[in-house]
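Colleague: I would like a close look at the disulfides in this one. Please take me through them, then show me what lies around them.

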Amino acid sequence: MMSLSRRIGAVAAGSVALLAVAQPAMAATWYSQSDPLKVKEGGSTQGAAYGNYYNSNGSSAKNATTRKDYKAGGNGVYVDTDFYLYQYACSGGADGCREQWVYAGGDETGRTTSGKWVSETVSDALSAKASQSRGAIHVCEDQAYSGDPCSSWVYRSFSY
């Protein structure tokens, strides 16, 4: 039989190991320069982007994006980010009050028509009431007289 001091030591060691494993992810990369997220129209790639969704000092969620126009000088390419927080909220209806993803805001980068990679960071405030942040991200091409074609959505999250 294990002595009380050994059991306490084993529990403490297990707690330390659990804490080491349970550390929240602080950043989440989405795609890369060599394999970017692409916006296509009519089967042709119009633009692309990649980036990093991360916790900035516990005060804001940031999406550091890099994008380019594959048809330089054409319609502008931009990254659209919707920010969500996981927190206790009441949605009404049958769901009632519970922890859930709540839309916190959205932001877009400026448009670029450059054939070179252009970087820009967008952000939204974190809340002390929330425990996680999620970014819904896609790259789009701005079109004047029709809906903007966009890539599929990419989702990245972190706990804080």
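Modeller: Start with one bond. The link of Cys-140 and Cys-150 is right-handed, with 105 degrees about the S-S bond. The sulfur atoms of this disulfide sit 2.1 Å apart. Please keep in mind that this is a predicted model.

Where are the two ends? Cys-140 belongs to strand S8, while Cys-150 lies in the loop between S8 and S9. The two cysteines are 10 residues apart. Their surroundings are not alike. Cys-140 has a relative accessible area of 1%, under the 20% cut-off, so Cys-140 is buried. Cys-150 has 31%, which makes Cys-150 partly exposed. A disulfide is a covalent bond between the sulfur atoms of two cysteines.

The search of the whole structure finds two disulfides. The other one joins Cys-90 to Cys-97, with 1.9 Å from S to S. Its torsion about the S-S bond is about 105 degrees, so this disulfide is right-handed. Cys-90 is exposed, at 52% relative accessible area. Cys-97 is partly exposed, at 40%. Counting bonded cysteines along the chain, the pattern is 1-2, 3-4.

Now the frame that holds these bonds. The protein chain has one helix and nine strands. The helix comes at the start of the pattern, which reads α-β-β-β-β-β-β-β-β-β along the sequence. Of the 160 residues, 34% are buried. Take the contacts between residues at least 6 apart in sequence: 62% of them join residues at least 24 apart. The accessible surface comes to about 8900 Å², and carbon and sulfur atoms account for 52% of that.

Strand S8, which holds Cys-140, also has a part in the largest nonpolar core. That core has 17 residues. Trp-30, Tyr-53, Ala-61, Val-79 and Val-139 touch the most other members. The elements that give two or more residues to this core are strand S2 (37-41), strand S3 (44-56), strand S5 (77-90), S8 and S9. S5 gives the largest share, four residues. In soluble globular proteins, nonpolar side chains tend to be buried together.

Val-79 is a good residue to follow. Leave aside its neighbours within four places in sequence. Val-79 is then in contact with Trp-30, Ala-49, Asn-63, Thr-65, Arg-67, Asp-107, Glu-108, Thr-109, Ile-137, His-138 and Val-139. Two of these contacts, Arg-67 and Glu-108, lead on to the salt bridges.

How many salt bridges does a search of the whole structure find? It finds three. Side chains of opposite charge can pair when their charged atoms come close.

Take Arg-67 to begin with. Glu-120 forms a salt bridge with Arg-67, and the closest N and O atoms are 3.1 Å apart. This pair links distant parts of the chain: Glu-120 is in strand S7 (residues 118-125) and Arg-67 in strand S4 (residues 60-69), 53 residues apart. Is Arg-67 buried or exposed? Arg-67 counts as buried, at 2% relative accessibility. Glu-120 is partly exposed, at 29%.

Next comes Glu-108. The side chains of Arg-111 and Glu-108 meet in a salt bridge, 2.8 Å from N to O. Arg-111 is partly exposed, with a relative accessible area of 38%. Glu-108 also counts as partly exposed, at 36% relative accessibility.

Arg-111 has another partner. The side chains of Asp-142 and Arg-111 meet in a salt bridge of 3.1 Å, N to O. Asp-142 lies in the loop between strand S8 (130-141) and strand S9 (154-159), and Arg-111 in the loop between strand S6 (97-108) and S7, so the pair ties together parts that are 31 residues apart in sequence. Asp-142 is partly exposed, at 27% relative accessibility. Glu-108, Arg-111 and Asp-142 are thus linked in a network of salt bridges.

That brings us back to the opening bond. The loop between S8 and S9 holds Cys-150. Asp-142 lies in that loop too. One residue there takes part in a disulfide with Cys-140, and another in a salt bridge with Arg-111.

Methods:
Residues numbered from 1 in each chain as written. Predicted model: local features only at pLDDT ≥ 70, side-chain atom pairs only at ≥ 80, totals over all residues. Heavy atoms only, no water. Buried < 20%, exposed > 50% of the residue type's maximum accessible area, 1.4 Å probe, protein only. Contact = heavy atoms within 4.5 Å. Areas by Shrake-Rupley, 256 points an atom, 1.4 Å probe, with all protein chains shown as cover. Salt bridge = Lys/Arg side-chain N within 4 Å of Asp/Glu carboxyl O. Core = buried A, V, L, I, M, F, W, Y, C linked by side-chain atoms within 4.5 Å. Disulfide = S-S within 2.5 Å.
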